[in-house]
Amino acid sequence: MGRFDVTRGEAPPFHLHTREDEVFMLIKGTALVWSGEEEHELREGGIVYLPRNVPHAYRITSDRADLLMIATPGGIEGMFRHAGHDLTTPRPDGFEIPKSLLAEASELYGGVILGPPR
C-alpha cells in the first residue's frame with residue numbers, strides 16, 4: 001500500500017504489472033486513469049481496479065491529488081524503494097526518477113513499461 005501526494009500532470013509511463021493486482025483510490029483531487037482500452041475520470045473517492053497483465057496509467061488533472069495505491073500480493077514496494085528517494089528527507093525541487101532507473105526497478109519487480117505517459 002502506498003499513499004502519494006502529487007501535483008497536476010503527474011503521470012507514470014503506460015505499464016503493466018505481472019505479479020500483482022492494483023487498486024487505485026483517489027482520496028482528493030481528480031485524475032484520468034486508463035485500464036486497457038478504458039478511460040476513467042476519477043473524482044474524490046473514486047476507485048478503479050487494475051488487474052495484473054492489463055496495461056494502465058494515470059494522469060493527475062487537479063492542482064494536487066492525494067491518492068492511495070493498494071497492490072496484492074505485496075512486494076511492489078521494493079520497486080519504489082529501488083527507484084525513489086529516501087522519504088526521511090524532503091523531496092527535492094524538480095525531483096525526477098531517471099527513466100533508466102525506473103525501467104530497471106520495474107523489470108526487477110515484474111513490471112513492464114509499454115510506452116510514455118498518457
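Tutor: Accessible areas here come from the Shrake-Rupley method with a 1.4 Å probe, and for residues only the protein chains shown count as cover. This is a predicted model, where local features need pLDDT of at least 70 and side-chain atom pairs count only at pLDDT 80 or more, while totals for chains, interfaces and linings use all residues. Residues are numbered from 1 along each chain as its sequence is written, and side-chain values use heavy atoms, with hydrogens and water left out.

Student: OK, so what share of the protein's accessible surface belongs to carbon and sulfur atoms?

Tutor: Start with the total, about 7200 Å² for the protein. Of that accessible surface, carbon and sulfur atoms hold 55%.

Student: In what order do the elements run from the N terminus?

Tutor: There are two helices and nine strands to place; these are DSSP runs numbered from the N terminus (helices are H or I, at least four residues; strands are E, at least two). Starting at the N terminus, the order is β-β-β-β-β-β-β-β-α-α-β.

Student: What radius of gyration does the protein have?

Tutor: We take it over C-alpha atoms and check it against the globule rule, 2.2 Å times the number of residues to the power 0.38. For 118 residues that rule gives 13 Å, and the protein comes close to it, so it is as compact as a globular protein of that length. The C-alpha trace spans about 35 × 30 × 25 Å along its principal axes, and the radius of gyration is 13 Å.

Student: Is His-17 buried or exposed?

Tutor: His-17 is in strand 2, residues 14-17. Buried means under 20% relative accessible area, exposed over 50%, and partly exposed in between (1.4 Å probe, protein chains only). His-17 has 5% relative accessibility, so it counts as buried.

Student: Which side chain has a polar contact of 3.3 Å with that of His-17?

Tutor: A polar contact is a pair of N or O atoms within 3.5 Å; within protein, one must be able to donate a hydrogen and the other to accept it, and residues adjacent in sequence count only if both atoms are side-chain atoms. The His-17 side chain has one of 3.4 Å with the side chain of His-15. The 3.3 Å polar contact is with Glu-20.

Student: And where is Leu-68 found?

Tutor: Leu-68 counts as buried, at 15% relative accessibility. Leaving out residues up to four places away in sequence, Leu-68 touches residues including Met-1, Val-23 and Phe-24, with contact meaning heavy atoms within 4.5 Å. Leu-68 sits in residues 64-72, which form strand 8.
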